[in-house]
Structures are given as C-alpha cells and as structure tokens.
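Reader: I'd like to go through this one label by label. Can you show me the reasoning behind each call?

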Amino acid sequence: MAALLAAVLTVTVQGVRNGDGQIVLAVCEEAAYPAGRCAFRVTAPAAEGSVRVAVPDVPPGIYALRVYHDENGNRQLDRNLLGLPWEGFGFGNDAPVSLAPPNFRDAAVTVGENGVETALTLRYWISP
C-alpha cells in the first residue's frame, strides 16, 4: 500500500486586533477535537489585520480548525472569571460559538492531495 501524500493547509486568520504575541493554529482530527489534543499546532507572529499560517505535511482528510491570538505569549487562551476569553479566538468556516466550541463538522475543512486554502475570522469578546 502506498503512503498518502501530505499537503499544505494554508489558513488566513483575519481580524487580528494588534501585532502583540502570536497566532496559534491547531488542526484537529475528529477524535481529538473536543479535548483539544490536535495532530498539528503551528504558530506565527501576530500582525494587525490578517496573518497567513501554513501547516505543512498534512495528510489528506477532514480536520477542524481552532485558532487563538496569544497576545501575552503564555501559550494559552486566557479567560476571565466567567470563562469568557480575553484573547481573540476562532474556528474553521467561522463556525458559530455559543457557550461551547462548535461541533467538529461545522469547524472542519477537507484537505486534498493538493492542499487547501481557507480563511477564518478571530472573535474578541472582551476589549483590552
């Protein structure tokens, strides 16, 4: 059996409010998605406006996208006492968020042999 070719997944993260810290993108298989233990995690320097993040060597398949703006560089999505995020966050396909992350299918993209390009927009629920 021949090995599957890996491709590049390119995500344009839009709506970045400043150039502080990093953009952190996680690419998740369905079984790992709810727990956040994703197969791929890539960071890129933040820049006000939009940031392109390329994830190399992604095998063809269906993956949910999770992203956050780690403004203070502590490698986590900071939250207030009520659990609301202080930092920007988003999901593939700009999937809607209520009190929990969207389901896998709503946040998923399909990566083919030639890769895929997609975009999503950060949400900032609390002003600095």
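Reader: What makes glutamate 117 and arginine 52 a salt bridge?

Author: In this predicted model, the closest N and O atoms of glutamate 117 and arginine 52 are 3.4 Å apart. The cut-off is 4 Å between a side-chain nitrogen of Lys or Arg and a carboxyl oxygen of Asp or Glu, so the pair counts. Glutamate 117 sits in strand E8 (residues 116-121) and arginine 52 in strand E4 (residues 49-58), 65 residues apart, and the pair links distant parts of the chain. Both glutamate 117 and arginine 52 are exposed.

Reader: How many salt bridges does the structure hold?

Author: Three. Another one joins arginine 17 to glutamate 71, with the closest N and O atoms 3.0 Å apart. Arginine 17 is in the loop between strand E1 (7-16) and strand E2 (22-28), and glutamate 71 is in the loop between strand E5 (61-70) and strand E6 (89-91), so this bridge ties together parts 54 residues apart in sequence.

Reader: Why is glutamate 71 called buried, and what is arginine 17 called?

Author: Glutamate 71 has a relative accessible area of 18%, and buried means under 20%. Arginine 17 comes in at 24%, which is past that limit but not over 50%, so the label is partly exposed.

Reader: How do you know that arginine 105 and glutamate 30 form a salt bridge?

Author: Their closest N and O atoms are 3.8 Å apart, and the rule asks for within 4 Å. Arginine 105 lies in the loop between E6 and strand E7 (108-111), glutamate 30 in the loop between E2 and strand E3 (40-45), so parts 75 residues apart in sequence are tied together. Arginine 105 is exposed at 52% relative accessible area, while glutamate 30 is partly exposed at 45%. The line between those two labels is 50%.

Reader: Why does aspartate 70 have no salt bridge?

Author: The nearest side chain of opposite charge belongs to arginine 41, 6.0 Å away. A salt bridge needs 4 Å or less, so that pair doesn't qualify. Aspartate 70, found in strand E5, is buried all the same.

Reader: What does the side chain of aspartate 70 reach, then?

Author: Backbone nitrogens. The one of glycine 73 is at 3.1 Å, and the one of asparagine 74 lies 3.2 Å from a polar atom of the aspartate 70 side chain. The limit for a polar contact is 3.5 Å, so both pairs make it. Beyond four places in sequence, aspartate 70 also touches residues including Asp20, Val24 and Glu87.

Reader: Now the rings. How many aromatic pairs are there?

Author: The count is four. One of them is tyrosine 33 with phenylalanine 104, at 5.9 Å centre to centre and 75° between the planes.

Reader: What makes tyrosine 33 and phenylalanine 104 edge-to-face?

Author: The centres need to be within 6.5 Å for a pair, and planes over 60 degrees apart count as edge-to-face. With 5.9 Å and 75°, tyrosine 33 and phenylalanine 104 satisfy both. Tyrosine 33 is in the loop between E2 and E3 and phenylalanine 104 in the loop between E6 and E7, 71 residues apart. Both are buried. Phenylalanine 89 and tryptophan 125 are edge-to-face too, at 5.0 Å and 85°. Phenylalanine 89 lies in strand E6 and tryptophan 125 in the segment after E8, so that pair ties together parts 36 residues apart in sequence.

Reader: Which residues do ring pairs link into a cluster?

Author: Phe89, Phe91 and Trp125. Phenylalanine 89 is buried at 5% relative accessibility, whereas tryptophan 125, at 39%, is partly exposed.

Reader: How do you know that the charged end of arginine 66 sits over the ring of tyrosine 33?

Author: That charged end is 5.3 Å from the ring centre. The distance limit is 6 Å, and the position must also be within 35 degrees of the ring normal. Arginine 66 is listed as sitting over the ring of tyrosine 33, so it passes on both counts.

Reader: Last one: why is glycine 88 called buried?

Author: Its relative accessibility is 0%, and the cut-off is under 20%. Glycine 88 is in the loop between E5 and E6, in contact with residues including Val67, Leu77 and Leu122.

Definitions and conventions. Residues numbered from 1 in each chain as written. Predicted model: local features only at pLDDT ≥ 70, side-chain atom pairs only at ≥ 80, totals over all residues. Heavy atoms only, no water. Helix = DSSP H or I, 4+ residues; strand = E, 2+ residues; numbered from the N terminus. Buried < 20%, exposed > 50% of the residue type's maximum accessible area, 1.4 Å probe, protein only. Lys, Arg positive; Asp, Glu negative; His and termini not counted. Polar contact = N/O pair within 3.5 Å; in protein donor to acceptor, adjacent residues only side chain to side chain. Contact = heavy atoms within 4.5 Å. Phe/Tyr/Trp six-rings, centres within 6.5 Å; stacked < 30°, edge-to-face > 60°.
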